[in-house]
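Here are a few short exercises to work through with the model open in your viewer. Try each task before reading its solution.

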Amino acid sequence: MKRSRGFTLTELLITIAVAAVLAAIGAPAMGVFLKNNRLRNTSFEVLASLNYARSEAVTRKRPVVICRSADPVAVNPTCQTGGGNWSAGWLVFVSADGNLTYDVGAGDQLIRRVAQVSETVDVAGNATAANALRFLADGTTDTAGASAALYVCDERGTSFGREVDIAPHGRARILSGTTSNPISACPS
């Protein structure tokens, strides 16, 4: 009869110790990876919504607005005013009356709702995009030549943040902050 061999207690303890050391080394890197991934995903969601709003404005030949909302999944969602944080989510709607406020009674048509993307990531607009941004039928914005920006940041600040820059001609792009070249602002 052959004797069956397994791990000895010493071999098992050494294997567990090596696994623990590898886990201790990898855990901080995994945390940074997850934070970067949340920033990237939120930035892409903002960019996708802006591109969708612009595309719908051109397709429908009507103004389309993207506005921040405190509760975008509510039965009757509203746009927020007064400047502030876009983190709770936003609405995309066809504006029948030409203003920046979603109002079913005025004939506005809601075409997309985006709820909070991440609890640990903040989104805020610059003065041009503090509450809303309107895309006109030709795909441009109505910002009178000023660039709009939405800032996407976490607790690490401007060096790790992202800026979604919207040019007056309507094209949006994502800029990443670095230690040597941080983005210009982050939500507080």
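**Exercise 1.** Work out the strand order of the open sheet that four strands form in this predicted model, and find its edge strands.

*Solution.* Start with the order, which reads β4-β6-β7-β8, with antiparallel pairing. Next, look for strands that pair on one side only: these are β4 (122-125) and β8 (172-176), the edges. Finally, check the twist: ignoring direction, neighbouring strands are turned by 20 degrees against each other on average.

**Exercise 2.** Examine how β4 pairs with β6, and identify the helix that packs on the sheet.

*Solution.* First, β4 pairs with β6 (residues 148-153) in the antiparallel sense, over four bridges. To place one of them, take Ala124: its bridge partner in β6 is Tyr151. Now turn to the helix, α1 (residues 9-60), which touches β4, β6, β7 (162-166) and β8. The direction of α1 makes about 10 degrees with that of β7.

**Exercise 3.** Which residues of the largest nonpolar core touch the most other members, and which element gives the most to this core?

*Solution.* The core has 25 residues, and the ones to pick out are Val46, Leu50, Ile66, Phe135, Leu150 and Val164. Then sort by element: α1, β1 (64-68), β2 (89-94), β3 (109-115), β5 (132-135), β6 and β7 each give two or more residues. The top contributor is α1, with six.

Now zoom in on Val46. Setting aside neighbours within four places in sequence, Val46 contacts Trp90, Val123, Leu150, Val152 and Val164. As a last step, look for a separate core: there is another of seven residues, including Cys79, Leu91, Tyr102 and Ala132.

Methods:
Residues are numbered from 1 along each chain as its sequence is written. This is a predicted model: local features need pLDDT of at least 70, side-chain atom pairs count only at pLDDT 80 or more; totals for chains, interfaces and linings use all residues. Side-chain values use heavy atoms; hydrogens and water are left out. Two strands pair if DSSP finds at least two bridges between them. Axes are lines fitted to C-alpha atoms, for helices over the stretch in contact, and angles run from 0 to 180 degrees between N-to-C directions. Contact means heavy atoms within 4.5 Å. A nonpolar core is a set of buried Ala, Val, Leu, Ile, Met, Phe, Trp, Tyr and Cys residues joined through side-chain atoms within 4.5 Å. Buried means under 20% relative accessible area, exposed over 50%, partly exposed in between (1.4 Å probe, protein chains only).
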